Structure formats: C-alpha cells, structure tokens
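Open the model in your viewer and keep the selection panel at hand. The stops below go from the whole chain to single residues.

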Amino acid sequence: MDRDDIIKRQSELEALRLPEEKLWRETAELIRPEEADFAGPKSPRGYDEVFDSSPIYAADDFVGGLFGQASSPAIDWFGFGVPDESLMDWQPVKLWFHQVTTITKASLSPNASTFYTSIAPVYGDVGCFGLGTQHQEEDVGRQRIIDRCIPLKEMFIDLDAFGDLDTCLLYTSRR
C-alpha cells in the first residue's frame, strides 16, 4: 500500500466507526475525560466537567484489579503448552515449552521491555470502551522491546467476515 491507499483506507475506517464515536465520547466524558476527543490528535482536556468522580475511581480499580490478577510480574500469569497431556509428559516437549515460557517472560521484564508500564492504559481503554490496543516492536540496537498503548482514537481497526483482524492502522495526518 502506498501513502494514498493508506489514507483512503483510514477514511473508510473512520466512516465505519463514526456511529460508535459518539458513544465512546459520552462514555469517556464520564470515565476518562482526557480521552474524550476522538477527532484526531490529543487535545488538552481537563476534569472540570466531571461532576461525579465515582466512575473514574471505579475505572482505576478495574485497571488495578486486572493488572494484579491478569498480568502482574509477581505471579506466573501465562505459560505455553498443548492440550494433549501425554505429549506434555514427554520430557523434550516439556523442556521446550519451559524454555520458551522462560524466554518470553524474560522479554517482558523491565530491563528488556516497557510492557508492565504500558499495559495499564490498555486495561483502562478496555474498561471504558471495551477495546484496548498496544503496539510492540523490537529495538534491535538497544536490545529492548518497545511497548506502547495506542489510544483508541488513534487506532483504526476492521474485522473480516470471520471476526478476525483484517486491518489495523494508526492515525495518520493528511499533510
């Protein structure tokens, strides 16, 4: 895809999500006022219009609970394997999955990645909008993995007929 194709596809995806943006904006005004502007790059917005902070505190509790129970570095929250127990009992398979799990966990550690600091805003978007997006890439020169929460207003997503991810575009300015 060249630049014009990407911009055209982004316009199509903007049109597809336009009906949802009104609901997202109204929800964000109550729960995440800093995310209430879906019309492009982030604009300054404060909390002066908030008349009840209960939803904001509830969203913070949701993020904390999800982080603590689903992705805390203090617990074993994931591992790899296969459903066939007889295959998992075979020592070479068990050893391979253990090694892969150990390597993957090490790739998420703070000295290799910003995963644990960037996942909380993703959970915040999930709690508010039902969808959160995160971008990850490898910085080969520094031997690090870069994780970044992508605000929903900057992400344009489309699914195919089977419900699988078809298109994922970050916000592009039309300059």
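Start with the surface. The accessible surface of the protein comes to about 11500 Å², and carbon and sulfur atoms hold 58% of that area. Keep in mind that this is a predicted model. Of the 175 residues in the protein, 29% are buried.

Now switch to a cartoon view. You should find 5 helices and 4 strands. Trace the chain from its start: the order is α-α-α-α-α-β-β-β-β. Contacts tell a further part of the story. Take those between residues at least 6 apart in sequence: 51% of them join residues at least 24 apart.

**Stop 1: the first hairpin**

Select residues 133-139, which are strand 1. Add residues 144-150, strand 2; the two strands run antiparallel and are joined by 7 bridges. Which residue of strand 2 is the bridge partner of Glu137? Ile146 is. The two strands form a hairpin, with 4 residues between them. In the turn, look for Gln143, whose phi is positive at about 55 degrees.

Stay on strand 1 and pick Thr133. Is Thr133 buried or exposed? Thr133 is buried, because its relative accessibility is 9%, and the cut-off for buried is under 20%. Show its contacts beyond four places in sequence. Arg148, Cys149 and Ile150 are among them, and these lie within the 144-150 range of strand 2. Val122, Met155 and Ile157 also touch Thr133. Draw a distance from Thr133 to Ile157, C-alpha to C-alpha: it reads 9.8 Å, for two residues 24 apart in sequence.

**Stop 2: the second hairpin**

Select strand 3, residues 155-159, and strand 4, residues 165-170. They pair in the antiparallel sense over 5 bridges. Phe156 has Leu169 of strand 4 as its bridge partner. This pair of strands forms a hairpin too, with 5 residues between them. Gly163 sits in the turn and has a positive phi of about 85 degrees.

Next, pick Asp166 in strand 4. Its relative accessible area is 48%, so Asp166 counts as partly exposed. Leave out residues up to four places away in sequence, and Asp166 touches Arg9, Asp158, Leu159 and Asp160.

**Stop 3: the largest pocket**

Turn on a pocket display. Rolling a probe the size of a water molecule over the atoms shows where empty space is left. The largest pocket has a volume of about 250 Å³. Which elements give two or more residues to its lining? Helix 1 (3-31) and strand 3 do.

Show the lining as sticks. Leu13, Leu16, Arg17, Glu20 and Trp24 are included. Leu131 and Leu152 also line the pocket. Add Met155, Phe156, Ile157, Asp158 and Leu159. Colour the lining by class: 9 residues are nonpolar, 3 are charged and none is polar. Two of the names have come up before: Met155 and Ile157 also contact Thr133.

**Stop 4: a loop residue**

Move to the loop between helix 2 (54-70) and helix 3 (85-88), and select Ser72. Ser72 is at 12% relative accessibility, and therefore counts as buried. What does Ser72 touch, not counting residues up to four places away in sequence? Its contacts there are Phe67, Trp77 and Tyr116. Show these side chains together with Ser72 to end the tour.

Note on methods:
Residues numbered from 1 in each chain as written. Predicted model: local features only at pLDDT ≥ 70, side-chain atom pairs only at ≥ 80, totals over all residues. Heavy atoms only, no water. Buried < 20%, exposed > 50% of the residue type's maximum accessible area, 1.4 Å probe, protein only. Contact = heavy atoms within 4.5 Å. Areas by Shrake-Rupley, 256 points an atom, 1.4 Å probe, with all protein chains shown as cover. 1 Å grid on protein atoms, 1.4 Å probe; cavity = no way out; pocket = protein on both sides within 12 Å on 5 of 7 lines; lining within 4 Å. Points joined across faces, edges and corners; volume = space filled by probe spheres on them. Nonpolar A, V, L, I, M, F, W, Y, C, P; charged D, E, K, R; others polar. Pairing = 2+ DSSP bridges.
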